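Subject: Structure handover

Hi,

Here is the structure for your review. Please open it alongside this email.

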Amino acid sequence: MAKKQFKAESKRLLEMMINSIYTQREIFLRELISNASDAIDKMYYKALADESVVFEKENYYIKVAIDKDKRTLTLTDTGIGMTKEELENNLGVIAKSGSLAFKTENEIKDGHNIIGQFGVGFYSAFMVADVVTVVSKAVGSEEAFKWESKGADGYTVTAAEKATVGTEITLRIKDNTEEDNYDEYLDEYRLKAIIKKYSDFIRYPIKMDVTSHRPIEGSEDNELETYTEEQTVNSMVPIWRKNRSELTTEDYENFYNEKRYGFDKPLKHIHISADGAVVYNAILFIPENTPFDYYTKEYEKGLELYSNGVLIMNKCADLLPDYFGFVKGMVDSEDLSLNISREMLQHDRQLTLIAKNIKNKIKSQLQSLLKDEREQYDKFYQAFGRQLKYGVYSDYGMNKDVLQDLLMFYSSTEKKLVTLDEYVSRMKEDQKYIYYASGESIERIEKSPQTELVSDKGYEILYFTDDIDEFAIKMIMSYKEKEFKNVSSGDLGIEADENETSAEEENDNKELFEAMAGLLSGKVKNVKASKRLKSHPVCLSTEGELTIEMEKILKAMPNSQDVQADKVLEINVNHDVFASLKAAHTSADQEKLALYTNLLYSQALLIEGLPLQDPVEFTNNICKVMV
Ligand code: ADP
């Protein structure tokens, strides 16, 4: 019989499983039970759509059986089963849940990360078994097939006998080694405990033959006999129907993992039992880590939607606004019809109510996290802060009121992330604006000349290092009646200092600045004496709405238009270079004036991280002043 090869990626994953040093091997059982439960769910949907299929709940279960002599563990389910093709396609290639190709070589070697982040589904069986046999009969099919693999060198699929529809997976448990004891996966109590831990809320019974002892009837000296009885190991009551007070954080975490909402630990859970205008239960999670595909098109937001305990949609996107798209979890409502279509759902009044309700709950949960558990909130913000800022910006700022209190930015004075509210509460009496500075990194902004005056005044500055920051703030416009002001904008709203240049001096300089502006025409709108520079010789500021950071971002976008911020070259008249400029001007040394002007302009561009139009000319110019 011809052996088929696994696809390359699958083979690597398999090898990793076989040699796994992952400590939590026990999760293989959760993965297999979860697959079995999914397969029964599929049967249920089929029954909904197809009248010839009847779904009698008592016929659906998962059975776990141990054979110590043969060292096998068998999982049987009465789910939808797999055809020959499905056995090959589903078990021959790596699960779609996460692409191995995405991971770096190091992570793959370690293995721990992959198992931790993606879970590995069916292949996890190879962590504990050296032979895996799957016999399956698909619904509506007369034939059954057997898939078998001893690991990475391939698998076989052959015809098999199976009376009933469903799947039976047999694991030949590995022999013990010096380091590892695999016997535990043949131990009834241990397996029961694993099922309880991870799969307690599976909606179908997970049955096991359980050995107990009882006194022999009629026996005088309380003699005991051993007997075996089939028991349902899981409680089956869905966690969301339980009382919050009965549940521990660990219960919620297990549910999160069992549902594969994520393979991290949730940062926070929200359990809602709503009894008002619309009746529903929901368990929502704020994940701790950003899913690897979160900021890509591939990421699909949504919550699982149940109608009266039965899953009707895997990812109901309408339940979550985009800006809370990171939230995972489920909603169960009695008020929803079972076979409601996707199109109908969008207009469903109940669903709209639930969505609104959920949105408010998430917001208030985040607010209390911010207020009471700042460290946790910082963690959350690290992972999803960008999403909130996008949320403020998108839809023409429609949602800014929901989100603005949740935003944080790095503060020049506090040296950490602060909220707008905290900023405003610290504002100085004479301070008119909320000041911010944009740049590539905190370090760069810290050194930027434009911040000098505002910092000198003792005003706090918010550092915008994310592309989206400035755009989001433009949508908010003002917070608690305080407008935002970029430190490089023309008018900073700061009263002039006493050592202001006199009118006479200004007039004197005017000619020089006009001459410089002439030399830089088309590049800057204006050249003027700076009010914000203290120690630096030169900087760029902007007039109007568009700032330099925004210009950079817009220019970097595909199909960008030729956008230009209206730039002003500001010169520090108290700096020594200004004397040189003046000397060149008064001695009518045009060449020197042009050289200095170009050099200063180029320096201002470099400080902003803007490209020089002609770097060769720039270096030549520098050489000119050196010799
Ligand atoms: P995932 O469950 O993440 O899709 P798995 O590797 O666990 O990945 O399983 C791959 C596929 O094999 C499943 O999506 C399902 O289609 C199929 N499958 C696995 N176990 C069963 C089962 N017990 N009954 C029917 N189909 C199954």
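Below is what was found, starting with the ligand and then moving on to one helix residue and one strand.

First, a caveat: this is a predicted model.

**The ligand site**

The ligand has 15 residues around it. The closest are Asn35, Asp77, Asn90, Gly121 and Phe122.

Three side chains place polar atoms by the ligand. For Asp77, a polar side-chain atom is 2.9 Å from a ligand nitrogen atom. For Asn90, a polar side-chain atom is 3.2 Å from an oxygen atom of the ligand. For Thr167, a polar side-chain atom lies 3.4 Å from a nitrogen atom of the ligand.

On its own, the ligand exposes 530 Å². The protein buries 86% of that area.

Which elements give two or more residues to the shell around the ligand? They are helix 2 (27-49) and helix 3 (84-92). Helix 2 provides the largest share, with 4 residues.

By residue class, the shell holds 6 nonpolar, 5 polar and 4 charged residues.

**Asn257**

Asn257 sits in helix 7, which covers residues 249-258. Is Asn257 buried or exposed? The relative accessible area of Asn257 is 15%. The cut-off for buried is under 20%, so Asn257 counts as buried.

What is Asn257 in contact with, once neighbours within four places in sequence are left aside? The list is Arg30, Gly262, Phe263 and Asp264.

**Strand 17**

Strand 17 spans residues 461-464, and both of its faces are covered. Ile461 and Tyr463 lie on one side. Leu462 and Phe464 lie on the other. All four of these residues are buried.

Strand 17 pairs with strand 14 and with strand 16. Here is how each pairing runs:

- Strand 14 (residues 408-411) runs antiparallel to strand 17, and 2 bridges join them. Tyr410 stands opposite Tyr463 of strand 17.
- Strand 16 (residues 434-438) pairs with strand 17 in the parallel sense, over 4 bridges. Ala437 has Tyr463 as its bridge partner in strand 17.

Tyr463 therefore links the two pairings in this list: Tyr410 is opposite it, and Ala437 is bridged to it.

For docking or setup work, the ligand site is the section to read beside the model.

Best regards

Methods: Residues numbered from 1 in each chain as written. Predicted model: local features only at pLDDT ≥ 70, side-chain atom pairs only at ≥ 80, totals over all residues. Heavy atoms only, no water. Near = heavy atom within 4 Å. Polar contact = N/O pair within 3.5 Å; in protein donor to acceptor, adjacent residues only side chain to side chain. Areas by Shrake-Rupley, 256 points an atom, 1.4 Å probe, with all protein chains shown as cover. Nonpolar A, V, L, I, M, F, W, Y, C, P; charged D, E, K, R; others polar. Buried < 20%, exposed > 50% of the residue type's maximum accessible area, 1.4 Å probe, protein only. Contact = heavy atoms within 4.5 Å. Pairing = 2+ DSSP bridges.
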